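Take a look at the model below. The paragraphs after it lead from the sheet to its surface.

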Amino acid sequence: LNRTNFLGLGHTIGAQTRLSNIQRRVLLSYLAPQFRDSNRFSLTNTILYDDARNVRTFNSKRLEGSLQLAQRFNLANSIQYRFTYRRVTTDENTIKVDPALIPLLAQPVRVGSFSSTFIQDRRDDPTDATRGRYTTVDFGVASKAFASSTNFLRLLTRNSSYYRLGRD
């Protein structure tokens, strides 16, 4: 469910939900596409609540919030600055497997992280590219300074290159 042009400001609010016997999930988002009246900046805020019940193994709850500022330098280059806080808990009374077998995103933890993503998009058509490149470099740091229970660095790079292999 999305509402565009929220309050006549061109902002977008959204809600996604999933309700079942094994999962309750709510995702709320808010997008300000022209942050501080600038076409170069946008601001996104998201909040996630997920209560999952893995019938044969464990139950977990995840609460996550993030704030992202995106900056466009030109048509091809942009960067995103993001702060994320995630708190995951596992109901110890429901664990029916070795705790080491619980997936990483469902293990009890607090993670506060700051990350940044550089995006370069030089494709001829983003929806049906036939030539060009799409490259992202994401760097993140989780630290006790951000209320995290652990410290780590993360680096993820991706590249997609498009070449024509004949007339079609």
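Two strands count as paired when DSSP finds at least two bridges between them. This is a predicted model. In it, strand 1 and strand 2 (residues 11-19) pair in the antiparallel sense over three bridges. Asn2 has Gly14, in strand 2, as its bridge partner.

Now widen the view. Nine strands make up an open sheet. Their order is 1-2-3-4-5-6-7-8-9, and the pairing is antiparallel. Strand 1 (2-6) and strand 9 (152-162) stand at the edges. Each has a single partner strand, so one side of each is left without a neighbour in the sheet. On average, neighbouring strands of this sheet are turned by 10 degrees against each other, direction ignored.

Next, the surface. Val26, Leu28, Ile47, Tyr49 and Leu63 make a nonpolar surface patch of about 410 Å². Strand 3 (23-32) and strand 4 (41-54) are the elements that give two or more residues to the patch. Leu63 lies in strand 5 (residues 58-72). Its relative accessible area is 48%, so Leu63 is partly exposed.

Last, the aromatic rings. The count comes to one aromatic pair. Phe83 and Phe146 form this pair, which is edge-to-face. The ring centres are 5.9 Å apart, with 75 degrees between the planes. The pair links distant parts of the chain, 63 residues apart. Phe83 sits in strand 6 (residues 77-90), Phe146 in the loop between strand 8 (132-142) and strand 9. Are these rings buried or partly exposed? Phe83 has 34% relative accessibility, so it counts as partly exposed. Phe146, at 30%, also counts as partly exposed.

Technical notes:
Residues numbered from 1 in each chain as written. Predicted model: local features only at pLDDT ≥ 70, side-chain atom pairs only at ≥ 80, totals over all residues. Heavy atoms only, no water. Patch = residues over 30% accessible without salt bridge, like charges linked within 9 Å, V, L, I, M, F, W, Y side chains within 5 Å. Areas by Shrake-Rupley, 256 points an atom, 1.4 Å probe, with all protein chains shown as cover. Salt bridge = Lys/Arg side-chain N within 4 Å of Asp/Glu carboxyl O. Helix = DSSP H or I, 4+ residues; strand = E, 2+ residues; numbered from the N terminus. Buried < 20%, exposed > 50% of the residue type's maximum accessible area, 1.4 Å probe, protein only. Axes fitted to C-alpha atoms, helices over the stretch in contact; angles between N-to-C directions. Phe/Tyr/Trp six-rings, centres within 6.5 Å; stacked < 30°, edge-to-face > 60°.
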